[in-house]
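Here is a short tour of the model you have open. Keep the viewer at hand and follow along.

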Amino acid sequence: MKNVLLAVLAVIVFAGVRGSAQPARPAIAPDIAGEWRLDNNEQDTTAQPPLGDYLGIPFNDAGRMRSDTTAESIWGTPEYQCRPHSAPHQWRGLGGARILKEQDPLTRNVSVYHIQFMRSLDRPVFMDGRPHPPAYAPHTWTGFSTGEWVGNTLKITTTHLKDGYLKRGGPQTSDMLTMTEYLTRHDEILTIVTVTDDPIYLDEPYVESTTYTYDTTSTVATETCNASSFAENGGTDRHWVPHFLPGQNTALGEWLKTSEWIPVEPTRGGVKTIYPEYRATLNGGAVKVADLKVPSSKSANDVAKRLAESSPRDGEVHILPLQGNIYMAVANGTNLTVSIGADGILLVDTGDAKMSDKILASVGQLASAVLANPTANQCFGANCPGKWGWSSPYIGAVISAPAPARPLRYIINTSAAPERVGGNERIATTGFFPRGSQFGGAVENVGPRASVIAHEEVLNRMSAPAGKASPMPTASWPTDTYFDEFHKLPEYVNGEAVIVYHAPNATTDGDSFVFFRHSEVIAAGNLFSTVSYPVIEVDKGGTIDGVIGGLNKILDIAVAEYRAQGGTWIVPGRGRLSDTADVAAYRNMVTMIRDRVKDLKRKGMTLAQVKAAKPTMDFDGRYGSTTGAWTTDMFVEAVYSSIQEKK
Amino acid sequence: MRTFLLVIGVALIASTAAYAHHSYAATYDVTKEVKLEGKLVQFVMRNPHSFVHMEAPDEHGEMKRWAVEWGGTTQLGAQGVKRESLKVGDEITVTARPSRVPGEYRALMLSLRRPLDGFTWGTRSGEAVD
């Protein structure tokens, strides 16, 4: 009955929010700051549902499959050991909640609420009206939250969340979820209604409520996490990805063995099973589930739009500052990585050829802003030896004639794909890399151009032996290639080591990723995308195992800053800026699919039969496509044909 | 109303307390038990959970490195287990719940015994991983 009441309450809250009768903000907003104790009087606040219990969850088939095949042992992988609770579950995690507030010193309005739990990161809720970040900004465990008062209820809208779970031990969420929370204080009681909108795995938003009581004696402890890099899953394979093949998770129905009175179908979730109308289908009822109509609500979350915005093909260049010397440039949907500093500019990949002029303009503008930013004079006369007088750089700023930024020195191509090398010819010729016989001067036949570094298979793909037609013009070819496991640039670039790692037989036979060792940034190239399955070109040496190997190598190098997020930033070939947990999620996904296809292939299935078995079904809404240059069918075919069986 | 009775029923069934960040019941097969006899190769006393790593044969007799999950530092400390209690090279016998995932060599500690001096854990009241 409590659930009924909570559901009614949720409806009332919704009704109140959607209506516009109430003022946007009460004259005196309720104070929600303080220490709050979780009332353990609701389902699964102190325990998790048994495996396979999806009662009340409006799962679609993809959500069900993803949850059935994801093992709880995933927590044992090095990248997830310090993962905090997922946002949809956080209010129900144990340990109470602490809500702090920051006030604007002038207006004394609350500018930020901070919500803290035992197993969480500090979660700011911005009340100052700031916008949500662009879709190509990173996702975090707590997401990006903004709040507004709707009557006496604080409405919090959260985007940019990582993937996770609705409840411990099973029901999964994608990273496309958004969360809306309604916090209402009634004297000493705080009611939190959470609406999780994940159209990848849910047919309608999932609603639940949780109750807290104000308690000045409550203390939110900090659960330290000093997990190390060993895999907790035993064995010696740190890249082990635990999961169940479809249909092989025998634990799902265990709990029903002692509860035979519970019909199986509603325990599998589904939007029809959570409405009272469903009762008409039980016990041989006259209504068939297929014919049942329920008043389900639709998702307000347009995944296709959000994915498109995370990799905008708008003909423009968008710059996102990362850390140290490094910037991410989203050039018409292709991500480039830029190092800017005293030594000049280093560019990882050059984008589509048609974007070259805009890339040059944006990077040049950025370099001027970073390196020749006008500042007021801080240095005077004899106190400023070597800099005073008319040769001082400050004079250049005062008269608006700053020295130009240093030129482009290096280009690194992460593969021979057109969006990686397309701008080589145009962009390289604007750079300068000293080489040749004149001790620093450029050699005429090479020209005053940047050094273009790539794995030698990239050059092989772009060039041809003498007498044969070359697929790409000579001026676009890499000038400096490597063949080994890695290639260190011979000297620091902008104050740091830059190392190019080879990922053998990944999307092609010439893939690299680039590690900026001091700035802690990795440019992943086509090895990693947050908007599609990996584009594996089997005819150019690409393999699924090579992709997984490359992702694992990135994970070996990258380090999370705290609680399995942040730290080393990873720039994907396409899509949003990512960290170790995002790469791990992608690695887990491709590993699960590889293992499923391998299993079906071992059973003697043809490619057509494997496709019909839909081994990617639970990830298709997130990464798949039925149209365009890289469809799900093409991906499955690439996996199927490139799988190597150990002999 | 039947639908809501189902929900309440599930809530009752799911009342097994578990306070870990991950779910023990979902990670380990709580209906099975394995006995591992071998040499301790690493003892990591830490939060959120400690781990005993040992080399012991699997069901096929092949030597594997097992990761046996144990309590956090607060729980073990309160039960007299210190970082120095176990040494690398100790011959130990462990009973544990095996992982639910085929091919994994992780397990949840039920009991640990060191025959050399009779050190034991898991036999006294409260000595269960929480």
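Begin with a word of caution about chain B: over its residues 1-19, pLDDT stays under 50, and for this stretch the model has 41 contacts beyond four places in sequence. Where pLDDT is low, the predicted coordinates should not be read in detail. Please keep in mind that everything you see here is a predicted model. Taken as a whole, chain B has a mean pLDDT of 84, with 84% of its residues at 70 or more. The scores for the model are ipTM 0.80 and pTM 0.90.

**Chain A in outline**

Chain A has 647 residues, and 48% of them are buried. Its secondary structure consists of 15 helices and 23 strands. Among the contacts in chain A with a separation of 6 or more, 64% join residues that are 24 or more positions apart.

Two domains divide the chain: domain 1 covers 2-291, and domain 2 covers 311-642. Where they meet, 31 residues of domain 1 of chain A are in contact with 28 residues of domain 2 of chain A. On the domain 1 side, the touching residues comprise 18 nonpolar, 7 polar and 6 charged ones.

**A sheet with a helix packed on it**

Now look for the open sheet of 5 strands in chain A, which run in the order β19-β20-β21-β22-β23 with mixed pairing. At its edges are β19 and β23 of chain A, each of which pairs on one side only. Ignoring direction, neighbouring strands of this sheet are turned by 25 degrees against each other on average. Helix α11 (residues 544-557) of chain A packs on the sheet, and its direction makes about 160 degrees with that of β22(A). The strands that α11 of chain A touches are listed below, except for β23, which it also touches.

| Strand touched by α11 | Residues in chain A |
|---|---|
| β20 (chain A) | residues 498-503 |
| β21 (chain A) | residues 511-516 |
| β22 (chain A) | residues 521-529 |

Back at one edge, β19(A) and β20 of chain A pair in the antiparallel sense over 3 bridges. Within this pairing, H487(A) stands opposite V500(A) in β20(A).

**One lysine to find**

Where does K603(A) lie? Its place is the loop between α12 (580-602) and α13 (607-612) of chain A. Is K603(A) buried or exposed? K603(A) counts as exposed because it has 10 C-beta neighbours inside 10 Å, and the cut-off for exposed is 12 or fewer. From K603(A) to A290(A), the C-alpha to C-alpha distance is 33 Å, and the two are 313 residues apart in sequence.

How values were computed
Residues numbered from 1 in each chain as written. Chains lettered and ligands numbered in written order. Predicted model: local features only at pLDDT ≥ 70, side-chain atom pairs only at ≥ 80, totals over all residues. pLDDT = per-residue confidence, 0-100. Contact = placed C-beta atoms within 7 Å. Domains from an automatic or database assignment. Nonpolar A, V, L, I, M, F, W, Y, C, P; charged D, E, K, R; others polar. Pairing = 2+ DSSP bridges. Helix = DSSP H or I, 4+ residues; strand = E, 2+ residues; numbered from the N terminus. Axes fitted to C-alpha atoms, helices over the stretch in contact; angles between N-to-C directions. Buried ≥ 20, exposed ≤ 12 C-beta atoms within 10 Å, placed from the backbone.
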